[in-house]
Amino acid sequence: MKISEQWLREWVDTSASIDDLAQQLTMAGLEVDDMLDGGPLLDGVVVGRILECKPHPEADRLKLCRVDAGEAAPLAIVCGAPNARAGLVVPVARVGATLPNGLTIEAAEIRGQASAGMLCSASELGLSTDASGLWPLSDDAEPGTPVADYLGLPDRILDIDLTPNRGDCLSVRGVAREVAVAEDVALKTPDVAPVTATIETRPVVRIEAPERCVAYAARAIEDTSAGASTPVWMAERLRRSGIRRISLPVDIGNYVMLEFGQPMHAFDADKLDGAIHVRLATADERIVTLDGEEVTLSADTLVIADETGPVAIAGMIGGERTAVDANTRNLVFESACFTPAAVAGQGRRYKIHTDSLHRFERGVDPALHRLALERATQLLVTHGGGGAGPLSVAEGTPVWSEQRRIALDGAHVERLLGQPIEPAWIEKALTALGIEIQASGENRWTAMPPSWRYDLEIEADLIEEVARVYGYDRLQSGDPGVALPPVPADGGFDPAGHVAPALQARGYSEAITYSFVEAGLHAELTGGEPAVVLDNPISDQLAEMRRTLWASLLPSWHHNARRQQSSIRLYERGLRFIPNEQAENGIGQYDTLAGLASGLADDTHWDRAGRALDFFDVKGDVEALFAGTAGRLAFEAATHPALHPGRTARILLDGTAVGWMGQLSPAFSKRYKNIALPYVFEVDYEAVRKAPVIRFEALSEQPTVRRDLALVVAEAVPVAALVDAIESVDSPELRSIQVFDVFRGEGLETGFKSVALGLIFQDKASTLTDDRVERIIDRVLAGLQERCDARIRGE
């Protein structure tokens, strides 16, 4: 939002410097990104009136002009502009002036005729891109007046970066209101008297989508001057606000939008067919917009239509069929209030962004449409002539069904801001912001937000307003008191801090991605499970909230894999979103950790061949995540719609499923054009945080004893089952179990395998004897026989 300092000071009478105003606005939450020059200084350029204009005797395209530039005698100037004529008031660059493009004006002789100056276009003065002819100024401009003074230069432009919740400040009035509160001065508003109707024409307006259109006001204005020029002062204010001049009716609409924050539009009345309808488009209905693009409309798009069809996309852009042009004499001005929900997302859908849409998406004051229409009518009748008809206003469903009321407690203000604020000061500050205040007890109030503040909904919003006006820099700072209760021994320690270091040590990099994902990929990964669909996605490719973090990690992996990255390891912690009627807003949110790995298992090395990553590498990574957490970790063969059959495992903690791991299914090969598919894992973050009870145990000084067992079991028996069977013996002397060999082949029956296990024993207090170890081994073998039908190899 760009605002001229001069324009702003017309609304607030303050002696504060522009730098102080910028600082105050920034501290009030309206961040001033930059302060720009309003235009060049134009030294030596004055207002001039062409007294005489006749053809150059030696050149068909040149003219000899006598110009009153406020000097004792008229200046003789040779000019080639096609619009030069007697009586025209234009900028004159005197001899010695230097224009913004670097050209220095000198006395010259052009085709035998003396020329003492230069008549200028707006482009040559650096004030426009229009170089088609001389820049016509107002007829009442006094010759000899410096053009800089005439235009109000120098000027400063405040470039304000507004947060989305402050749509009320997308206007001079909104910003001036904030300055008036900060400076404790009165807000001055233009005198906008109702325009007396001089014609009987009244547009017929029908709102057929009342829940999307709060109000729609229209007024006919007839017999205006076709092609009337926009006054220089208005064109200058538009230029300094970053809006180019188009035509008088369009410029007035833009001017009122900048002044009050109410978007407007002008239709050529002679091109409208019957009544104006505010309705939803029919499926595949079409409109050619003002920029010449044909748009096919969706059935949920709000449009303005006549009896022939759409003439504008509501709140966004007008149609070419009813556009105002140089021949327009009769027009209809419209001023409406559409709900933010009615226009949200439409710009991205149709790839259209306008200043009007920018404001309607953030909320336009529902009480502003009449005032804005009166202001626009006033300006058009004054500068374009014609007669205005009576207002035609249709009302839809109000933005708020009843007046909003918010309870405010002074004690809560003190608690959130960290210091007491005088009740009288709170009342004064909120009242200055347009908030109605009613006392409801000692140091308590009921507040009614003004119509233009969509963002004030709860008590905390009001307290934020108090802090803004009071000044964040004035709030006292202090050390907060923190109560640290005793930490229970059975879970107070949170070991999850090891997660990032553990993964990073194994070569993983953290990824931070969007929580919304591509619907097609998401459906493939979840087997078509229902997802949370966004009403207003930032793009068509990011239309659903993820049920799995894999939907976010895979695009990142694919981006890197297509750029010849030989080894990719990514992890992310974030939320999954699952429809759940029992959860708040019907959406369950689950804290989740996910990872992805592909490529080589180790860095390339001259001494060994590179080995491709496999299932067991990623299984080791997952085991590292759970190191130091409570519970027994296990992996169970299972099937998952996104994972490779036979290379998939469900992750169990104490018998409870807490996640999945495996290789991406071959079904994704076509999507990823035969790139080697990665291995992925995903676990509930709470499971990683499950803390063990930590107790100190002295290291044993006794020697360890190792016994190796070579067991023959059926091929279908997982090694984990053998480990479970050994641990079920529950021998305190058994310290660890190591799997050091798996053999299949000669000497074994078909369908069997040999698994070699190393068992490490140690006693805390005494040296183990062979007899004690053998008795434990006998119990272990019995358990293996009973639970896994395992036998010692060779027996």
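In which sense, left-handed or right-handed, does α19 pass α20? In this predicted model, the crossing of α19 with α20 turns out to be right-handed. Helix α19 covers residues 719-727 and helix α20 covers residues 770-788, and their axes come within 8 Å of each other while crossing at roughly 135 degrees. That angle is over 115 degrees but not over 145, so α19 and α20 count as oblique to each other. On the α19 side, the contact is made by A721, L722, D724, A725 and I726, and these meet V780, G783, L784, R787 and C788 of α20. Sorted by class, the residues of this contact come out as seven nonpolar, one polar and two charged.

A second helix pair brings together α6 (residues 248-260) and α10 (residues 369-384), with axes that come within 10 Å and cross at roughly 140 degrees. This pair, α6 and α10, is therefore oblique too, and the crossing is again right-handed. What does each helix bring to the contact? From α6 there are L248, P249, I252, Y255, V256, E259 and F260, while α10 supplies L371, A372, R375, A376, L379, L380, H383 and G384. Taken by class, that makes eleven nonpolar residues, two polar ones and two charged ones for α6 with α10.

Then there is the pairing of α15 (residues 519-526) with α16 (residues 550-561), whose axes sit 9 Å apart and pack at an angle of about 120 degrees. Here, too, the helices α15 and α16 cross in a right-handed way. The contact has L521, H522 and L525 on α15, set against W550, A551, L554 and P555 on α16. Six of these residues are nonpolar and one is polar, with no charged residue in the contact of α15 with α16.

Moving on to internal space, how many cavities of 30 Å³ or more does the count give? The count comes to one, and the largest cavity holds about 110 Å³ of space. Its lining is made up of 14 residues, and those nearest the centre of the cavity are G167, D168, F260, G261 and D365. One of these, F260, lines the cavity and also belongs to the α6 side of the contact with α10. As for the chemistry of the wall, the lining of the largest cavity splits into five nonpolar, four polar and five charged residues.

Two backbone details round out the picture, both in loops. The peptide bond joining L153 and P154 is cis, with omega at about 5 degrees. P154 itself is placed in the loop that runs between α3 (147-151) and β10 (156-161). The other detail concerns D184, which is not a glycine and yet has a positive phi of about 55 degrees. Where is D184 found? The loop between α4 (172-183) and β11 (205-207) is the place of D184.

Methods:
Residues are numbered from 1 along each chain as its sequence is written. This is a predicted model: local features need pLDDT of at least 70, side-chain atom pairs count only at pLDDT 80 or more; totals for chains, interfaces and linings use all residues. Side-chain values use heavy atoms; hydrogens and water are left out. On a 1 Å grid over the protein atoms alone, a cavity is a set of points where a 1.4 Å probe fits but cannot get out, and a pocket is an open set with protein on both sides within 12 Å along at least five of seven lines; lining residues have an atom within 4 Å of a point. Grid points are joined across faces, edges and corners, and a volume is the space filled by probe spheres set on the points. Ala, Val, Leu, Ile, Met, Phe, Trp, Tyr, Cys and Pro count as nonpolar, Asp, Glu, Lys and Arg as charged, and the others, Gly among them, as polar. Axes are lines fitted to C-alpha atoms, for helices over the stretch in contact, and angles run from 0 to 180 degrees between N-to-C directions. Helices (H or I, at least four residues) and strands (E, at least two) are DSSP runs, numbered from the N terminus. Angles under 35 degrees count as roughly parallel, over 145 as roughly antiparallel, 65 to 115 as roughly perpendicular and the rest as oblique. A crossing is left-handed if the near helix is turned anticlockwise from the far one by less than a right angle, and right-handed if clockwise. Contact means heavy atoms within 4.5 Å.
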